[in-house]
Amino acid sequence: MALFKKRTVGKPGEWYYCLEHKKVEEGPECPAKDRFGPYTSREEAQHAMDTARERNLEWENDPKWHDRTEGTPEP
């Protein structure tokens with residue numbers, strides 16, 4: 001008899017995008033370290049990589065998040 005039960009994280013109806021298998025999953029099939037989510041719909045999870053790409057571009061172009069380089073005066 002196992003001392004610890006394997007518990008899943010998440011609920012049915014929550015959608016995830018698995019980075020390892022490059023597929024959408026309902027509920028937690030893969031470890032949390034390998035997935036984005038939860039999303040409220042399959043369609044939203046299908047666009048997880050697009051959403052991440054858009055957010056990365058926003059952050060890269062946000063002047064509040066750029067580190068100052070040496071010799072650059074503070075604003």
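Which residue forms a salt bridge with aspartate 50? In this predicted model, the partner is arginine 53, and the closest N and O atoms of the pair sit 2.8 Å apart. Both residues belong to helix H2, which runs over residues 48-60, and they are 3 residues apart, or about one turn of the helix. Neither end of the pair is hidden away: aspartate 50 is partly exposed at a relative accessible area of 34%, and arginine 53 is partly exposed too, at 47%.

That pair is one of 3 salt bridges in the structure. In general, side chains of opposite charge can pair when their charged atoms come close. Another bridge links the side chains of lysine 23 and glutamate 29, with an N to O distance of 3.4 Å. Here lysine 23 is partly exposed, with 37% relative accessibility, while glutamate 29 comes out as exposed at 51%. There is also a bridge between the side chains of lysine 33 and aspartate 34, again with N to O at 3.4 Å. Its two ends sit in contrasting surroundings: lysine 33 is exposed, with a relative accessible area of 69%, whereas aspartate 34 is buried at 15%.

Glutamate 25 is a charged residue that goes without such a partner. It is placed in strand S2, made up of residues 23-26. Glutamate 25 is buried but has no salt bridge, and the nearest side chain of opposite charge, that of lysine 23, is 4.5 Å away. With the cut-off for a salt bridge set at 4 Å, that distance is too long to count, so the pair is left out. What the side chain of glutamate 25 does reach is the backbone nitrogen of cysteine 30, at 3.4 Å. Setting aside residues up to four places away in sequence, glutamate 25 touches Glu14, Trp15, Tyr16, Cys18 and Cys30.

Two of those neighbours bring up the matter of disulfides. The count for the structure is 0. Why is cysteine 18 not bonded to cysteine 30? The sulfur of cysteine 18 has its closest cysteine sulfur in cysteine 30, but at 3.5 Å the two are too far apart for a bond, given that a disulfide calls for sulfur atoms within 2.5 Å. Seen from the other side, cysteine 30 is in no disulfide either, with the sulfur of cysteine 18 as its nearest cysteine sulfur at 3.5 Å. Both cysteines are tucked away from the surface: cysteine 18 is buried at a relative accessible area of 0%, and cysteine 30 is buried at 11%.

As for nonpolar packing, the largest nonpolar core has 6 residues, namely Trp15, Tyr17, Val24, Tyr39, Ala45 and Ala48. Valine 24 gives a view from inside this group. Leaving out neighbours within four places in sequence, valine 24 is in contact with Trp15, Tyr16, Tyr17, Arg42, Ala45 and Gln46. Trp15 and Tyr16 turn up among the residues touched by glutamate 25 as well.

Back in helix H2, alanine 52 is worth a brief look. Alanine 52 is partly exposed, with a relative accessibility of 21%; the buried class requires a value under 20%. Alanine 52 and phenylalanine 36 are 16 residues apart in sequence, and their C-alpha atoms are separated by 9.3 Å in space.

Conventions. Residues are numbered from 1 along each chain as its sequence is written. This is a predicted model: local features need pLDDT of at least 70, side-chain atom pairs count only at pLDDT 80 or more; totals for chains, interfaces and linings use all residues. Side-chain values use heavy atoms; hydrogens and water are left out. Buried means under 20% relative accessible area, exposed over 50%, partly exposed in between (1.4 Å probe, protein chains only). Helices (H or I, at least four residues) and strands (E, at least two) are DSSP runs, numbered from the N terminus. A nonpolar core is a set of buried Ala, Val, Leu, Ile, Met, Phe, Trp, Tyr and Cys residues joined through side-chain atoms within 4.5 Å. Contact means heavy atoms within 4.5 Å. Lys and Arg count as positive and Asp and Glu as negative; His and the chain ends are not counted. A polar contact is a pair of N or O atoms within 3.5 Å; within protein, one must be able to donate a hydrogen and the other to accept it, and residues adjacent in sequence count only if both atoms are side-chain atoms.
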